Amino acid sequence: MSEYRIGEGMEVTLHFTLKLEDGTVVDSTRDKQPATFQVGDGNLPPGFEAPLTGLTDGETGSYTISPEHAFGQHNPQNIQSLPRDSFEGTDELEEGLVMSFADPAGGELPGVIAEIGDKRVEVDFNHPLAGRTLTFDVEVIEVRPATTH
């Protein structure tokens, strides 16, 4: 039994399952390695970290995370219309396809092909889980002070 509890400066190893409102599993570590992260390192959105504060080894919880605390509301401004020509050489262009685009800073931004027209392609850059209320089931395996290298 650990005396450490989840909070600032802690490293946490846990199993989680993320589900949609209807119970569909979106992501889970149950069938693979547990996830390890440091509190506040940005690996988990703050809305997922907050409910875990104070938990310790062996404790479990199930939390409902609203869109504002998960991946944000669906924003219509995040849907861009791009010229069909800019997809030349893309063989399998279809609605629902996730593609990677370069963002202004030179990083990669995933976008979902929302609609394909003759001249334009609508691309939705919202997070696929934007606007969704999620259930976050957690089993804490270990809490320990984060080691700084």
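This section describes strand pairing, nonpolar cores, the largest pocket and two partly exposed residues in a predicted model.

Strand pairing is taken first. Strand E4 (60-65) and strand E9 (134-145) run antiparallel and are joined by six bridges. One residue pair places Ile-65 opposite its bridge partner in E9, Leu-134. The side chains of E4 alternate between two faces. Gly-61, Tyr-63 and Ile-65 point to one face and are buried. Thr-60, Ser-62 and Thr-64 point to the other face and are not buried. Ile-65 thus combines a bridge to Leu-134 with a place on the buried face of E4.

A further set of pairings involves E6, E7 and E8. Strand E6 (residues 98-102) pairs with strand E7 (residues 108-116) in the antiparallel sense, over five bridges. Within this pairing, Met-99 stands opposite Gly-111 in E7. The two strands form a hairpin with five residues between them. In that hairpin, Gly-106 takes a positive phi near 90°. E7 also pairs with strand E8 (residues 120-124), again in the antiparallel sense, over four bridges. The bridge partner of Val-112 in E8 is Asp-124. The hairpin of E7 and E8 has three residues between the strands. E7 therefore pairs with both E6 and E8, given that two strands count as paired when at least two bridges are found between them.

Nonpolar packing was examined next. In soluble globular proteins, nonpolar side chains tend to be buried together. The largest nonpolar core in the model holds 22 residues. Ile-6, Phe-48, Leu-52 and Phe-136 touch the most other members. E1, E4 and E9 are the elements that give two or more residues to this core. A second, separate core has eight residues, among them Phe-87, Leu-93, Phe-101 and Val-121. The contacts of Leu-52 give detail on the largest core. Neighbours within four places in sequence aside, Leu-52 is in contact with Ile-6, Leu-14, Phe-37, Leu-44, Tyr-63, Phe-136 and Val-138. Of these partners, Tyr-63 lies on the buried face of E4.

The largest pocket has a volume of about 300 Å³. Its lining comprises 16 residues. Phe-16, Asp-27, Asn-43, Leu-44 and Pro-45 lie nearest the pocket centre. Strand E1 (10-19), strand E2 (25-28) and strand E3 (35-38) each supply at least two lining residues. By class, the lining has 12 nonpolar residues, three polar and one charged. Leu-44 appears both in this lining and among the contacts of Leu-52.

Two residues were considered individually. Gln-38 is placed in strand E3. Its relative accessibility is 29%, so Gln-38 counts as partly exposed. Beyond neighbours within four places in sequence, the contacts of Gln-38 are Met-10, Glu-11, Glu-49, Ala-146 and Thr-147. Gln-38 and Thr-13 are 25 residues apart along the chain, and their C-alpha atoms are separated by 8.9 Å.

Asn-75 lies in the loop between E4 and strand E5 (79-83). Asn-75 also counts as partly exposed, because its relative accessibility is 26%. A separation of 9.5 Å divides the C-alpha atoms of Asn-75 and His-127, which are 52 residues apart along the chain.

Conventions: Residues numbered from 1 in each chain as written. Predicted model: local features only at pLDDT ≥ 70, side-chain atom pairs only at ≥ 80, totals over all residues. Heavy atoms only, no water. 1 Å grid on protein atoms, 1.4 Å probe; cavity = no way out; pocket = protein on both sides within 12 Å on 5 of 7 lines; lining within 4 Å. Points joined across faces, edges and corners; volume = space filled by probe spheres on them. Nonpolar A, V, L, I, M, F, W, Y, C, P; charged D, E, K, R; others polar. Core = buried A, V, L, I, M, F, W, Y, C linked by side-chain atoms within 4.5 Å. Buried < 20%, exposed > 50% of the residue type's maximum accessible area, 1.4 Å probe, protein only. Contact = heavy atoms within 4.5 Å.
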